[in-house]
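Please look through the structure shown here with its sequence, beginning with its charges and overall form and then turning to a few chosen places within the fold.

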Amino acid sequence: MKNKYIKIFCIAIVSAMTFTACDEGFEDLNKNPNALIDPAPKSMFTLAEIYIDGQDYSNTRGNNGYAAQIVQHFSSLGGPGSKYSYSSEYSGSLFGESYGKGLNQILQLMSVLPETAENSNMIQACRIMKVFMFQKLTDTYGEVPYFEAGQGFNGNIFAPKYDTQQVIYNDLLKELDEAGDALDANKPFVGNADLFYQSDVAKWKKFANSLMLRVAMRLSKVDPAKSKQYVEKAFAKGVFNSNIDSAVLKHDAGPQGVRTNPITSSWVINDLNGGESNIKYSKTFIDLLKNTNDPRLRVYAKLEASGNNNPADQQGLANDAKEFPGGDKKLFSDPNTSTVLRLDAPTLIMSYAEVEFLLAEAAAKGWNVSGTAQQHYEDGVKGAMQILSIFGDKVPAVTIAEYNDYITANPFKATGTEAEKIEQIITQKWIVLLFNGFEAFSEWRRTGYPVLVPVNDPLGETDGTIPRRLIYDQSELITNGANYKEAIQRQGLDLMTTRIWWDK
C-alpha cells in the first residue's frame, strides 16, 4: 500500500479505539459509554476496508488452517482442515474476528454517520462491505447474529439473536440492490481514504452488482427462481467487465500488522522457514496445474529452499499424508515468496475472473446474461491469468500466446451436459480462489466441484466425509448461550457435518 496511507492507518486505529471516558461533568452520565466521541469517519472507513477480508488471526487459522485445506488448495500433516479434526481456536477464528474487528468497525461507523447527502456514498459503501463480511460469516457457520449485531453501540444489545440464513440472504440481496442504486457520483465520497477505488462511484456500483451476482448464485439449488432473478438483475445493472474493476487491496512489506498482507505475513515470518513449513500446496492443486500445463504454476509455486519455480519440479503434499514422502519438506511446493506470498502481496478481494465464471455458470443454465457459457468461461480464464500481474514482475507474466495454448489444449466442453460445463467452470474458479479458502469452501459445498477425494483420518470428526461447515466460536456458549442454543435447535447440531440452509 502506498506510503501516503500510513498516516491514515494510524489515525484510523486511534479513532477506532477512542471511546468515551469519565470526567467530572454530570452531563456525561447521560451519554452512551460505548459510543465514539469525535469520530474520524474517513479514517474509520479506511480501516473498515483493511479489515474486510480478515486479519492474520482468522486467515492463519480459519482460512489457511481450515477452509483452504478442506478444499485441498493446501495440505498439512497435522492441519485440522486436512484431517477434518476439531480445533476450537481455528474453527471459531472467523466468527470472533469478524464481530470483533471488521463488522465492529463497519457497524460502528454506520452508527455515527448522520444520514446526509455528504455521507450518503460512505454509508452505501459500508452497506456493501457489510454484505461482503456477513456472507462469508453465514456461509461458514450457518445462522449468525445479523439484525441485532453491532447494537451494543447504540441499542445496548449485548446478546444478539441469531437469524436464519434464509432471512439473512434476503436482506443481503436487498442491501446490495438498494446501496448500489443509491451510490451517486454527484455526491461527496472519501477521496483517497478509499483504498479500493479511490472514490470511483462507478466502480463501487460494479462491486455491489458483482457481489449481488455471487450472493444470488449461492441460492441456485435452494431457491433457483430467486437465484435466477437476482443473477439477471445484477448482470443488467452492470458487473465487473475487466481486471481494472477487480476489488484489490494493496499492502506494504512492513512492519507486520495492519499494513502487511494478512494471509502471507504470519506464514512468511513464522512458518515458512526456508521451506520447512508444515503447510504445503496440496497434491490435488499442483497435479491439476501440472497435468494441464497451466502457465500460472510458475507464478503460484516454488520450492522455497532452492528458489526453484520450474513447473516440472513442483510437488504437492497429499491431504491424507502422515509424513513427508522421502522425509524432506523442502522437496514440496510452497507459495511463491516472489509473487503471491510476498509480505506486500495485494489481496484480491473479488476478481473480474470470478464474475466471468459466475456468468458462465448462469449461461450454462440458460439464464439471461448475454453471451455463451464458452465465451464467459474463456474470458474468465484469460482474466485469471492476466490478473497475476498484480503480484509483480519477478516472475514472467502469463502471455497471450500461453493463454491461447492453454485454452486450445483444455477447451470448453461446449457440447457437454450442463453438469459437465459447470464442473469445468467451477474447477477454474477453484484455481482463481487460491488464498480465498472460505469462498472456495462455499462453492465446493454448493456445487460439489472440483471433485475431491475425502480424507478418512482417525483424528477426524466427520467419519471420512468432507466437512459442511465450521463450528461456532465456543465463547458464544458463555456470552450468548440462549441464542446459540436456539440457533442450533433450528439448524442442527453444532458439528462440521451439519448442512447449512443453502447446502442442498
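In this predicted model, the chain carries 50 positive and 60 negative side chains, and the centres of these two sets lie 3 Å apart. The surface that the chain exposes amounts to about 19600 Å², of which carbon and sulfur atoms supply 51%.

As for the overall form, the chain has 20 helices and eight strands, and its C-alpha atoms fill a box of roughly 75 × 50 × 50 Å when this is taken along the principal axes. The radius of gyration is 22 Å, which agrees with the value near 23 Å that a compact globule of 504 residues would have. Of the 504 residues, 57% count as buried, and among the contacts in the chain with a separation of 6 or more, 75% are accounted for by residues 24 or more positions apart.

One element in which burial can be followed residue by residue is helix 2, which spans residues 41-51. Nine of its 11 residues are buried, so helix 2 is largely enclosed by the rest of the structure. The buried residues of helix 2 run from Ser43, Met44 and Phe45 through Thr46, Leu47 and Ala48 to Glu49, Ile50 and Tyr51.

A charged residue comes next: Arg214 is found in helix 9, which covers residues 201-217. Is Arg214 buried or exposed? Because its relative accessibility is 4%, and buried means under 20%, Arg214 counts as buried. Its side chain makes a polar contact, at 2.8 Å, with the side chain of Glu354. Once neighbours within four places in sequence are left aside, Arg214 is in contact with Phe132 and Gln135, with Ile349, Met350, Glu354 and Leu358, and with Asn436 and Glu439.

The last stop is Leu495, which lies in the segment after helix 20, the helix formed by residues 481-491. With a relative accessible area of 39%, Leu495 is partly exposed, a class that lies between the limits of 20% and 50%. Which residues are in contact with Leu495, leaving aside its neighbours within four places in sequence? They are Arg469 and Ile471. Pro467 is 28 residues apart from Leu495 along the chain, and the C-alpha atoms of these two residues are separated by 8.8 Å.

Notes
Residues are numbered from 1 along each chain as its sequence is written. This is a predicted model: local features need pLDDT of at least 70, side-chain atom pairs count only at pLDDT 80 or more; totals for chains, interfaces and linings use all residues. Side-chain values use heavy atoms; hydrogens and water are left out. Helices (H or I, at least four residues) and strands (E, at least two) are DSSP runs, numbered from the N terminus. The radius of gyration is taken over C-alpha atoms; the globule rule is 2.2 Å times the number of residues to the power 0.38. Buried means under 20% relative accessible area, exposed over 50%, partly exposed in between (1.4 Å probe, protein chains only). Contact means heavy atoms within 4.5 Å. Accessible areas come from the Shrake-Rupley method with a 1.4 Å probe; for residues, only the protein chains shown count as cover. Lys and Arg count as positive and Asp and Glu as negative; His and the chain ends are not counted. The place of a charge is taken as NZ of Lys, CZ of Arg, CG of Asp or CD of Glu. A polar contact is a pair of N or O atoms within 3.5 Å; within protein, one must be able to donate a hydrogen and the other to accept it, and residues adjacent in sequence count only if both atoms are side-chain atoms.
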